[in-house]
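Colleague: Could you take a close look at one part of this model with me? I would like to go through the salt bridges and then the packing around them.

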Amino acid sequence: MSIYEIILLFLMSLNVFIIILFLIKWNKRTSQQNALLENLLSSLKNVTVETESNSEKLNDEWRSYVFIQALTVRDAVYKQTIALHPQLIENAPASHGLSTPELSKAFRPEEIQAIYDFWNQFIDYKNNYWLTSENKIRTVFRGTIHDSNSEIAHLAYASKKLVHQLDERLKQMRATNFT
């Protein structure tokens, strides 16, 4: 074997050694990058789960808020069946308080319809029995509750009827169970 062949063999061995080192280092980087990608993917999954959980909590809060508003209205109307409480009608919420997108995230379509029906019925009742021509709440009604032809007896009857209708809407609004 000549010196040239030995040098050539040495250089080839050196090249193979360098290539092996490069591949080992490249494999190490790839493993590190894979580990980083796995950590990033895991973090992203956690954020997604947390976001979904927060979204569900927000929807539950919106549902609860609408029900509290509705129950406030129902209570105000119910108290009119016993005695006049104009302040309760005046202070009762005039709407459910959510935007259409918020409603559509928290409720199913049939529940949303029940919510709209609920407030439309209340607003009609308020307009028909409680508002004056100046859009002020009436505080005086003629007659007594025992005189079936009196204004106050008509109000009490309309209030009882509305309470039953509102109760039906409340049942429809709660059609979806919390899961």
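To start, which side chain does Arg108 meet in a salt bridge?

Modeller: Happy to, and please keep in mind that this is a predicted model. The side chain of Arg108 meets that of Glu110 in a salt bridge, at 2.5 Å from N to O. Arg108 is partly exposed, at 37% relative accessibility, and Glu110 is also partly exposed, with a relative accessible area of 42%.

That pair belongs to a wider set, as a search of the whole structure finds seven salt bridges. Another of them joins the side chains of Arg74 and Asp167, with 2.7 Å between N and O. Here Arg74 sits in helix H1 and Asp167 in helix H5, so this pair ties together parts that are 93 residues apart in sequence. Arg74 has a relative accessible area of 21%, which makes it partly exposed, and Asp167 counts as partly exposed at 22%. Both values sit just on the partly exposed side, because buried means under 20% relative accessible area.

Helix H5 also holds a salt bridge of its own: the side chains of Lys171 and Glu168 meet at 3.4 Å, N to O. These two residues are three apart in helix H5, about one turn of the helix. Lys171 is exposed, with a relative accessible area of 57%, whereas Glu168 is partly exposed at 38%. Elsewhere, Arg138, Arg142 and Glu151 are joined into one network by salt bridges that share partners.

Now for the packing. The largest nonpolar core has 31 residues, and Val77, Tyr125 and Met173 have the most contacts inside it. Helix H1 (3-79), helix H3 (100-106), helix H4 (109-130) and H5 are the elements that give two or more residues to this core. Looking at Met173 in detail, and leaving aside residues up to four places away in sequence, its contacts include Arg63, Val66, Phe67 and Ala70, and also Phe107, Glu111, Ala114, Ile115 and Phe118.

Ser159 is worth a look too. It lies in helix H5, which spans residues 151-173, and counts as buried at 0% relative accessibility. With residues up to four places away in sequence again left out, Ser159 touches Val77, Gln80, Thr81 and Tyr125. Two of those partners, Val77 and Tyr125, are among the residues with the most contacts inside the largest nonpolar core.

Terms used:
Residues numbered from 1 in each chain as written. Predicted model: local features only at pLDDT ≥ 70, side-chain atom pairs only at ≥ 80, totals over all residues. Heavy atoms only, no water. Helix = DSSP H or I, 4+ residues; strand = E, 2+ residues; numbered from the N terminus. Buried < 20%, exposed > 50% of the residue type's maximum accessible area, 1.4 Å probe, protein only. Contact = heavy atoms within 4.5 Å. Core = buried A, V, L, I, M, F, W, Y, C linked by side-chain atoms within 4.5 Å. Salt bridge = Lys/Arg side-chain N within 4 Å of Asp/Glu carboxyl O.
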